[in-house]
Amino acid sequence: MIEERTLQLQHCMYQYSRAIYRSIKDLIDPYADRGSQVESRRAVLEACEQTMERLARDPLYFAKPDRALFQDIRRYFPITAQAEVAWAVQAGVSAAAHFIEEQIEAGALDGGVARCRATTRKGKPCQRTPLPEREYCPSHQHLEARAAA
Ligand SMILES: [Zn+2]
């Protein structure tokens with residue numbers, strides 16, 4: 001089951017990296033010769049994929065992934081396209097980061113962090129850390145007593 005989820009997640013991240021790539025590939029230096037254009041495109045696509053992979057693997061420790069990606073690829077774009085590329089990268093990466101956050105909240109990603117088993121009044125899973133060796137956080141510990149009874 002976990003493997004299936006991982007595959008599904010990888011597929012989604014792949015879609016996000018393709019979307020970012022598609023939104024900027026035509027901005028790659030139009031005056032470069034054909035050969036270097038092909039190479040630039042490959043480098044940009046690879047950078048997008050690596051960023052998405054790292055984001056999926058390390059979502060909590062990857063600070064400013066949009067800036068990291070932009071720094072990696074900006075040299076392939078003419079100065080006149082930089083602002084547009086920065087914007088597209090920011091939009092694409094934040095959509096992917098938001099998706100990952102939702103997966104973590106839904107418990108689909110094993111971040112190695114235990115979560116309280118309770119559901120909040122808004123119907124979302126409680127995000128707090130359980131008490132040591134317990135399944136519920138301090139504000140939901142009464143639920144554990146009830147389950148035990
Ligand atoms: Zn809780």
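Is Glu-135 buried, partly exposed or exposed? Glu-135 counts as partly exposed, at 41% relative accessibility. This residue returns in one of the views below, which are taken from a predicted model.

**View 1. The largest nonpolar core draws on four helices.** This core has 29 residues. Those that touch the most other members are Ile-24, Val-44, Ile-73, Phe-77, Val-85 and Val-89. Helix H1 (2-24), helix H2 (34-57), helix H3 (65-73) and helix H4 (82-105) each supply at least two residues. The most come from H4, which gives nine. In soluble globular proteins, nonpolar side chains tend to be buried together.

**View 2. Ile-73 and its contacts in the core.** With residues up to four places away in sequence not counted, Ile-73 touches Ile-24, Val-44, Ala-47, Val-85 and Val-89. Another core lies apart from the one in View 1 and has five residues. Among them are Cys-116, Ala-118, Cys-126 and Cys-137.

**View 3. Thr-51 in helix H2.** Thr-51 has a relative accessible area of 5%. Residues under 20% count as buried, so Thr-51 is buried. When its neighbours within four places in sequence are left aside, Thr-51 is in contact with Phe-62, Pro-65 and Leu-69.

**View 4. The zinc ion and its protein donors.** The donor atoms are SG of Cys-116, SG of Cys-126, SG of Cys-137 and ND1 of His-140. They lie 1.9 to 2.4 Å from the zinc ion. The angles among the four donor atoms are 104 to 113°, and the site is tetrahedral. For four tetrahedral donors the ideal angle is 109.5 degrees. Along the sequence, the donor residues follow the spacing C-x9-C-x10-C-x2-H. Cys-116 and Cys-137 are 21 residues apart, and each is in the loop between H4 and helix H5 (141-148). Both of these cysteines are buried.

**View 5. The salt bridge between Asp-26 and Arg-41.** Four salt bridges are found in a search of the whole structure. In this one, the N to O distance is 3.4 Å. Asp-26 lies in the loop between H1 and H2 and Arg-41 in helix H2, so the bridge ties together parts that are 15 residues apart in sequence. Asp-26 is exposed, with a relative accessible area of 59%, while Arg-41 is partly exposed at 27%. A network of salt bridges links Lys-25, Asp-26 and Arg-41. Side chains of opposite charge can pair when their charged atoms come close.

**View 6. The salt bridge between Arg-117 and Glu-135.** The closest N and O atoms of this pair are 2.8 Å apart. Both residues are in the loop between H4 and H5, 18 residues apart. Arg-117 counts as exposed, at 55% relative accessibility. Glu-135, the residue of the opening question, counts as partly exposed.

**View 7. The salt bridge between Glu-144 and Arg-134.** The two side chains meet with an N to O distance of 3.7 Å. Glu-144 lies in helix H5 and Arg-134 in the loop between H4 and H5, so the pair ties together parts that are 10 residues apart in sequence. Glu-144 counts as buried, at 19% relative accessibility. Arg-134 is partly exposed, with a relative accessible area of 48%.

Note on methods:
Residues numbered from 1 in each chain as written. Predicted model: local features only at pLDDT ≥ 70, side-chain atom pairs only at ≥ 80, totals over all residues. Heavy atoms only, no water. Core = buried A, V, L, I, M, F, W, Y, C linked by side-chain atoms within 4.5 Å. Buried < 20%, exposed > 50% of the residue type's maximum accessible area, 1.4 Å probe, protein only. Contact = heavy atoms within 4.5 Å. Donors = N, O, S within 2.8 Å, 3.2 Å for Na, K, Ca; no water. Tetrahedral: all angles 85-135°; square planar, octahedral: opposite > 155°, others 65-115°.
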